[in-house]
Amino acid sequence: MTPTSRLEPEQGLIIVSCSREKLVTTTPVPALELYQGALTPRLRDHLSAEHRARLRILSGAHGLLHPDDLVGTYERKLRTRGEAQALQARVAERLTTDLRAEGLRHVLVVLEPLYLAAAECLFDHAPPLTLTLLPNPLDWTGTSAVLSGWGWL
């Protein structure tokens, strides 16, 4: 369910998958700059700085990344349920802090199934949090509709 009134930044959180397309660099760069595919470029281009800070990127190699976390070029995709389960503890540790934030009300989750399995702790917080799940990491139409409903675009 998408709210009909504007969400303040602290009331929303966006979780997206990393992408195969990455900036080729020998020096670590902010995660928001590293990923060049899936939804990351559109979110980078369309969200204000305060809303970009409410973005989390789930990496098969690094777990849950904040937009400013420094990351170097790598190649790793979750391919099995076992790999997703192995990543769960690292993801849960970082994500649970975000999910317990006092003002948080809505979480937009745009993760393909294996990445969603790595973020399984999400379901421990709904309710009271409202989760909107989109399983296609390329779904800009659905993502932008939710973010527009939040007043973020």
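The following legends describe close-up views of a predicted model.

**View 1. The largest pocket and its lining residues.** The largest pocket holds about 340 Å³ of space. Its lining comprises 16 residues, of which Cys18, Ser19, Arg20, Lys77 and Glu112 are the closest to the pocket centre. Sorted by class, this lining consists of 8 charged, 5 nonpolar and 3 polar residues.

**View 2. Strand 3 (residues 55-59) and its burial.** Of the 5 residues in strand 3, 5 are buried, so the strand is largely enclosed by the rest of the structure. In a regular strand, side chains alternate between the two faces of the sheet. Both faces of strand 3 are covered: Leu55, Ile57 and Ser59 are buried on one side, and Arg56 and Leu58 are buried on the other.

**View 3. Pairing of strand 3 with strand 1 and strand 4.** Strand 1 (residues 12-17) runs parallel to strand 3, and 4 bridges join the two. Within this pairing, Ser17 has Leu58 of strand 3 as its bridge partner. Strand 4 (residues 63-65) pairs with strand 3 in the antiparallel sense over 3 bridges, and Leu65 of strand 4 stands opposite Ile57. A hairpin through 3 residues connects strand 3 to strand 4.

**View 4. The surroundings of Thr143 in helix 6.** Thr143 is located in helix 6, which spans residues 140-150. Because its relative accessibility is 0%, under the 20% cut-off, Thr143 counts as buried. Apart from its neighbours within four places in sequence, Thr143 is in contact with Leu39, Leu43, Leu108, Val110 and Leu134.

Technical notes
Residues are numbered from 1 along each chain as its sequence is written. This is a predicted model: local features need pLDDT of at least 70, side-chain atom pairs count only at pLDDT 80 or more; totals for chains, interfaces and linings use all residues. Side-chain values use heavy atoms; hydrogens and water are left out. On a 1 Å grid over the protein atoms alone, a cavity is a set of points where a 1.4 Å probe fits but cannot get out, and a pocket is an open set with protein on both sides within 12 Å along at least five of seven lines; lining residues have an atom within 4 Å of a point. Grid points are joined across faces, edges and corners, and a volume is the space filled by probe spheres set on the points. Ala, Val, Leu, Ile, Met, Phe, Trp, Tyr, Cys and Pro count as nonpolar, Asp, Glu, Lys and Arg as charged, and the others, Gly among them, as polar. Helices (H or I, at least four residues) and strands (E, at least two) are DSSP runs, numbered from the N terminus. Buried means under 20% relative accessible area, exposed over 50%, partly exposed in between (1.4 Å probe, protein chains only). Contact means heavy atoms within 4.5 Å. Two strands pair if DSSP finds at least two bridges between them.
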